[in-house]
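Work through the exercises below with the structure open. Try each task before reading its solution.

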Amino acid sequence: IHVQPASIENLRELAIQCAREAGKLSLLRMSQPYTVEYKTSASDLVTAVDKEVEKRVIEMILAKYPEHGVLGEESTFQGDPHQFETLWIIDPIDGTTNFVHQQINFSVSIAVYQKGQGVIGVVYDPSRDELFYAVKGEGAYLNGRKLKLDRQVKLEEALLCTSVFWNKRAEQIGIDRIVKQLAGKVRGMRLLGSAALELSYVAAGRLDGYVSMSLNAWDFAAGRLIVEEAGGIVTKINGQPLPYDEKSSIMACNQAFYEELKHYLRKSEGLNFN
Ligand code: IPD
Ligand code: CA
Ligand code: CA
Ligand code: CA
């Protein structure tokens with residue numbers, strides 16, 4: 001077999017190819033009967049499609065680069081992610097609940113990390129045929145159009161997106177009150193139900209900011225790079241750097257009001273969540 005060197009260009013092409021293929025497969029399977037299981041509860045679903053799509057993407061990656069590591073939501077990861085020089089972090093369907101109920105507003109998220117540094121991020125929305133991608137140092141794109149977050153947005157004029165602040169846990173730690181106050185300050189709040197898509201929408205300026213409590217690495221691995229390369233800022237809610245390999249809270253937004261938004265969320269400091 002012909003082995004391709006893992007140049008950034010080749011990795012980007014493969015990531016895009018995997019994302020398109022995964023998206024096409026999930027749309028096809030959506031139109032046929034498939035099984036749905038509860039992972040931990042009735043609000044935590046996994047379908048046979050999530051598993052099939054993830055398997056397909058992993059096969060495509062390892063066929064070209066057998067020495068790379070792949071961390072995916074639905075598969076058991078072997079070993080320590082740090083052992084791989086190149087690590088792919090994938091979410092085959094981000095927004096499984098939307099996939100099952102809405103049949104729209106879900107995405108596939110594929111990222112490539114080298115020595116812990118994000119180098120490529122791809123998020124594909126198959127229902128709308130929208131491909132968001134970024135290469136470290138080379139910018140972010142939506143269907144080939146360069147994304148640039150240079151609008152001077154004020155917090156009062158911002159359309160903010162938040163997720164999972166309206167559950168029991170958020171209530172227990174008190175963050176729901178802070179987000180409620182924030183809702184009174186901004187122009188409007190939205191909740192789409194796919195973190196990867198929500199981050200991509202921040203990069204595209206369709207949303208001005210996105211805030212969430214604990215997300216998994218595969219939810220934000222690609223989207224955070226797309227926001228950063230578009231010129232936005234992404235950190236934990238307390239302003240600390242976002243990790244790449246563990247659960248984390250997240251705030252991603254236009255630079256113009258990052259400090260102000262962080263100040264608001266700082267009221268949550270001391271509350272115990274990561
Ligand atoms: C979920 C989505 C959702 C977020 C959840 C995630 P999944 O991912 O990204 O927007 O609020 O925390 O678990 O499970 O549908 O891949
Ligand atoms: Ca899930
Ligand atoms: Ca996810
Ligand atoms: Ca998923």
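Three exercises on this predicted model follow, each with a worked solution.

**Exercise 1.** Determine whether Asp-91 is buried or exposed, and place it in its surroundings.

*Solution.*
- Start with the record: UniProt, in an unreviewed entry, puts a "binding site" feature at Asp-91.
- Find the element. Asp-91 sits in strand E4, residues 86-94.
- Count neighbours. Asp-91 has 34 C-beta neighbours inside 10 Å. A residue is buried at 20 or more. Asp-91 is therefore buried.
- List contacts beyond four places in sequence: Glu-73, Val-108, Ser-109, Ala-196, Trp-218 and Asp-219.

**Exercise 2.** Work out where ligand 1 lies relative to domain 1 and domain 2.

*Solution.*
- Take the domain bounds: domain 1 is 8-146 and domain 2 is 155-266.
- Collect the shell. Glu-73, Asp-91, Asp-94, Gly-95, Thr-96, Ser-163, Val-164, Gly-193, Ser-194, Ala-195, Leu-215 and Asp-219 surround ligand 1.
- Sort the shell by class: three nonpolar, five polar and four charged residues.
- Conclude. Both domains give residues to this shell, so ligand 1 lies between them.

**Exercise 3.** Describe how domain 1 meets domain 2.

*Solution.*
- Begin with the spacing: the C-alpha centres of the two domains are 21 Å apart.
- Count the contact residues. Domain 1 supplies 31 and domain 2 supplies 23.
- Name the elements. Those giving two or more residues on the domain 1 side include strand E3 (69-72), E4, helix H3 (96-101) and strand E5 (107-114).
- Classify that side of domain 1: 15 nonpolar, 11 polar and five charged residues.

Definitions and conventions. Residues numbered from 1 in each chain as written. Chains lettered and ligands numbered in written order. Predicted model: local features only at pLDDT ≥ 70, side-chain atom pairs only at ≥ 80, totals over all residues. UniProt positions renumbered as here; feature names shortened; annotations may be inferred. Helix = DSSP H or I, 4+ residues; strand = E, 2+ residues; numbered from the N terminus. Buried ≥ 20, exposed ≤ 12 C-beta atoms within 10 Å, placed from the backbone. Contact = placed C-beta atoms within 7 Å. Near = placed C-beta within 6 Å. Nonpolar A, V, L, I, M, F, W, Y, C, P; charged D, E, K, R; others polar. Domains from an automatic or database assignment.
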